[in-house]
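Please open the model in your viewer and keep the sequence panel beside it, since each stop of this tour begins with a selection.

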Amino acid sequence: MKETLDCRSILEWYIYAGVDETIGESPVNRLAESAVVEPRPEARPATPLPPSNQNTEPRAAAAPPLQSRKAALQTAREIAAAAQSLDDLRAAFEAFDGCPLKETAMNFVFADGGKDARLMFVGEAPGAEEDRRGLPFVGPAGRLLDKMLAAIGLGREDVYITNILPWRPPGNRNPTDSEIVACLPFLERHIELVDPDILLLVGGTSAKTLLRRQEGIMRLRGKWMTYEPREGGPVTARALLHPAYLLRQPAQKRETWQDLIEIRQRLDEVANV
Ligand code: URA
């Protein structure tokens with residue numbers, strides 16, 4: 001058997017095991033870390049006993065109380081609702097610890113584009129390039145999105161772009177329902193603050209979440225729909241095939257071209273109202 005592995009086979013093994021990201025310049029020896037053990041309690045200096053006239057009831061642990069899912073959702077709603085501007089919302093969301101993806105992502109990806117845009121895109125979640133740069137839709141799918149926008153005479157500054165989740169799911173896996181639910185109050189407030197004329201739901205996850213529908217994207221796309229927010233009036237919405245899907249299935253671009261033409265027409269109509 002070969003005693004030492006060459007770098008190439010180690011890299012190949014990493015790829016085989018699903019590693020698609022390097023997050024540090026030098027390796028960390030986790031085995032050495034776990035070898036540093038906490039001193040045993042009896043080795044610590046003794047804590048003085050309380051004087052006998054003080055309350056000797058056992059004290060509650062200082063750890064914060066665990067919140068039920070419902071309470072956590074209510075907390076997220078309250079934090080999001082308190083944001084009075086996009087800057088407030090960005091700061092509050094970035095500080096929010098209720099979504100575990102925050103632990104594994106490199107960057108918080110909030111939004112891009114013009115704050116006064118009438119067209120708001122909501123994608124799914126950052127991919128590897130978005131995670132590295134802290135901006136939505138800047139990878140291969142984003143470059144196709146830019147071309148789609150240019151085809152109807154729009155640039156990034158003419159639209160506003162965000163995602164259902166601001167943190168990348170490891171390995172680009174699909175977001176889980178609990179990750180979506182945890183972050184949804186922030187997205188709902190985000191839409192309220194941007195107040196677009198038209199909401200474009202990019203891909204099945206975005207469409208199903210915001211339209212509260214079970215059907216797949218193929219059934220939801222191709223028609224005008226309505227986003228009914230918890231607060232405020234309805235917003236005209238349209239589901240679009242995700243550009244990442246179009247990169248894999250270029251034959252579907254024809255359908256999307258039709259969607260884009262109708263979106264441009266609707267945008268011109270609302271501008272003339
Ligand atoms: N896919 C998305 O849904 N969002 C991004 O920001 C990038 C890729």
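Helices and strands are taken here as DSSP runs numbered from the N terminus, a helix having at least four residues and a strand at least two. By that definition Thr226 lies in strand E5, residues 224-227. Please keep in mind throughout that this is a predicted model.

**The whole chain**

Before selecting anything, colour the protein chain by secondary structure, which comes to 12 helices and 6 strands. Of the 273 residues in the chain, buried residues make up 37%. If contacts with a separation of 6 or more are counted, residues 24 or more positions apart account for 72% of them.

**Thr226 in strand E5**

Now select Thr226, and show the side chains around this residue of strand E5. Is Thr226 buried, exposed or partly exposed? Its relative accessible area is 40%, so Thr226 is partly exposed. Leaving aside neighbours within four places in sequence, Thr226 is in contact with Leu211, Pro234, Val235 and Ala237. A distance drawn between the C-alpha atoms of Thr226 and Leu211 should read 7.2 Å, although the two residues are 15 apart along the chain.

**Ala239 in strand E6**

Move next to Ala239, whose place is in strand E6, residues 235-240. Ala239 is buried, with a relative accessible area of 0%. Beyond its neighbours within four places in sequence, Ala239 has contacts that include Leu201, Ala207, Ile217 and Asp259, and Leu220, Arg221 and Gly222 are also among them. Gly222 is 17 residues from Ala239 in sequence, and the two C-alpha atoms are 7.2 Å apart in space.

**Helix H8 and its two partners**

Select helix H8, residues 177-194, and then add helix H9, residues 204-211. The two helices pack at an angle of about 75 degrees, with their axes 12 Å apart, which makes H8 roughly perpendicular to H9. To see where they meet, show Ile180, Leu184, Leu187 and Ile191 in H8 together with Thr205, Thr209 and Leu210 in H9. The residues of this contact divide into 5 nonpolar, 2 polar and no charged.

Hide H9 and bring in helix H4, residues 86-95, which packs against H8 at an angle of about 170 degrees with the axes 10 Å apart. That angle makes H4 roughly antiparallel to H8. On the H4 side the contact is made by Leu86, Leu89, Ala92 and Phe93, and on the H8 side by Cys183, Phe186, Arg189, His190, Leu193 and Val194. Here the residues divide into 8 nonpolar, 1 polar and 1 charged.

**The cavity**

With H8 still displayed, turn on a cavity view, in which the structure holds 1 cavity of 30 Å³ or more. The largest cavity has a volume of about 60 Å³. Which residues line the largest cavity? Select Phe93, Val109, Phe110, Thr162, Asn163, Ile164, Leu165, Pro166, Phe186, Leu187 and His190 to display the lining. Strand E3, residues 159-163, and helix H8 are the elements that give two or more residues to this lining, and the largest share, 3 residues, comes from H8. By residue type the lining divides into 8 nonpolar, 3 polar and no charged.

Several of these residues have appeared at an earlier stop: Phe93, Phe186 and His190 take part in the contact between H4 and H8, while Leu187 takes part in the contact between H8 and H9.

**Thr162 in strand E3**

From the lining, pick out Thr162, whose place is in strand E3. Thr162 counts as buried, at 3% relative accessibility. Once neighbours within four places in sequence are left aside, the contacts of Thr162 include Phe110, Leu187 and His190, each of which also lines the largest cavity. Ala111, Met120, Phe121, Val122, Gly123 and Phe137 are also in contact with Thr162. A further distance to draw is that from Thr162 to Ala125, which are 37 residues apart in sequence and 8.6 Å apart from C-alpha to C-alpha.

**Two loop residues with positive phi**

Finish in the loops, beginning with Asp195, which is placed between H8 and strand E4, residues 198-202. Asp195 has a positive phi of about 50 degrees although it is not a glycine, and with a relative accessible area of 58% it is exposed. Then select Arg212, in the loop between H9 and helix H10, residues 217-220. Phi of Arg212 is near 50 degrees, again a positive value in a residue other than glycine, and at 46% relative accessibility Arg212 counts as partly exposed.

Methods:
Residues numbered from 1 in each chain as written. Predicted model: local features only at pLDDT ≥ 70, side-chain atom pairs only at ≥ 80, totals over all residues. Heavy atoms only, no water. 1 Å grid on protein atoms, 1.4 Å probe; cavity = no way out; pocket = protein on both sides within 12 Å on 5 of 7 lines; lining within 4 Å. Points joined across faces, edges and corners; volume = space filled by probe spheres on them. Nonpolar A, V, L, I, M, F, W, Y, C, P; charged D, E, K, R; others polar. Axes fitted to C-alpha atoms, helices over the stretch in contact; angles between N-to-C directions. Parallel < 35°, antiparallel > 145°, perpendicular 65-115°, else oblique. Contact = heavy atoms within 4.5 Å. Buried < 20%, exposed > 50% of the residue type's maximum accessible area, 1.4 Å probe, protein only.
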